[in-house]
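Trainee: I am new to this structure and would like a close look at a single part of it, set in its surroundings. Could you take me through it slowly, once I have it in front of me?

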Amino acid sequence: MSDPEKDIPRPVIDENECKGCGRCVAACPKKVLRLSGKLNRRGYDAAEYVGEGCIGCAACFYNCPEPYAIEVHGAREKEGKE
Ligand code: SF4
Ligand code: SF4
C-alpha cells in the first residue's frame, strides 16, 4: 500500500525566501497559515503552516509574490495545466 501521508495536501514554505507579507495568510480559505513570529535569515517574520487542515487549493501559492517561498504538495490539479 502506498504511503497515505504522501497524498495529503500541505503547503511547504521556504522560510528564508518568505518576506512575511502575509498574502498567503489572508488568501487561505481554511486559515491554516500564520506568520510565525520568528525572524528568518533576512529579518522577515516568515509564514508557517499550522500543521493540518490544508485542502490543497493552492491559493497561497498563487497569491505569493515570492517565486520560491511557498509551494503546495499534493495540490489539486487545475484546469488549463499543461
Ligand atoms: S493550499 Fe489552500 S488550504 Fe492549503 S495552505 Fe494554501 S491556501 Fe491554505
Ligand atoms: S505570501 Fe509568500 S512571501 Fe508573503 S508571507 Fe506568504 S509565503 Fe511569505
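Which residue of E4 does Val12 stand opposite?

Mentor: Val12 stands opposite Glu71 in E4, and since this is a predicted model, what follows is a reading of that prediction. The pair belongs to a longer arrangement, for strand E1, residues 10-13, and strand E4, residues 70-73, run antiparallel and are joined by 4 bridges. Within E1 the side chains alternate: Pro11 and Ile13 point to one face and are buried, while Arg10 and Val12 point to the other and are not. That is in keeping with a general rule, by which the side chains of a regular strand alternate between the two faces of the sheet.

To place these two strands in the whole, it helps to follow the chain from its beginning. The protein chain has 2 helices and 4 strands, and read along the sequence they give the pattern β-α-β-β-α-β. Among contacts between residues at least 6 apart in sequence, 61% join residues at least 24 apart.

The buried face of E1 leads on to the interior. Of the 82 residues of the protein chain, 20% count as buried, and the largest nonpolar core has 12 residues, including Ile13 of E1 together with Cys18, Cys24, Cys60 and Ile70. In soluble globular proteins, nonpolar side chains tend to be buried together. Cys60, leaving aside residues up to four places away in sequence, touches Pro11, Cys24, Ala27, Cys28, Leu33, Ile70 and Val72.

Cys60 also brings us to the ligands, because it is one of the residues that come nearest to ligand 1, along with Cys28, Cys54, Cys57 and Ala59, out of 15 around that ligand. The shell around ligand 1 divides into 13 nonpolar residues, 1 polar and 1 charged. Around ligand 2 there are 14 residues, of which Cys18, Cys21, Arg23, Cys24 and Cys64 come nearest, and by class that shell has 8 nonpolar, 3 polar and 3 charged residues.

The other pair of strands can be read in the way we read E1 and E4. Strand E2, residues 33-39, and strand E3, residues 45-49, run antiparallel and are joined by 4 bridges, and Arg34 has Glu48 as its bridge partner in E3. The hairpin of E2 and E3 has 5 residues between the strands, and in it Gly43 takes a positive phi near 90 degrees.

Two further residues have a positive phi although neither is a glycine, and each lies in a loop. Lys31, with a phi of about 55 degrees, lies in the loop between H1 and E2, and it counts as exposed because it has 10 C-beta neighbours inside 10 Å, where 12 or fewer is the limit. Ala58, with a phi of about 70 degrees, is found in the loop between E3 and helix H2, and Ala58 is partly exposed because 19 other C-beta atoms lie within 10 Å, whereas a buried residue needs 20 or more.

The helices give one last view of how distant parts of the chain are placed. Ala26 is found in helix H1, residues 23-27, and is exposed, with 12 other C-beta atoms within 10 Å. Ala26 and Asn63 are 37 residues apart in sequence, while in space they are 9.1 Å apart from C-alpha to C-alpha.

Methods:
Residues numbered from 1 in each chain as written. Chains lettered and ligands numbered in written order. Predicted model: local features only at pLDDT ≥ 70, side-chain atom pairs only at ≥ 80, totals over all residues. Near = placed C-beta within 6 Å. Nonpolar A, V, L, I, M, F, W, Y, C, P; charged D, E, K, R; others polar. Core = buried A, V, L, I, M, F, W, Y, C linked by C-beta atoms within 7 Å. Contact = placed C-beta atoms within 7 Å. Pairing = 2+ DSSP bridges.
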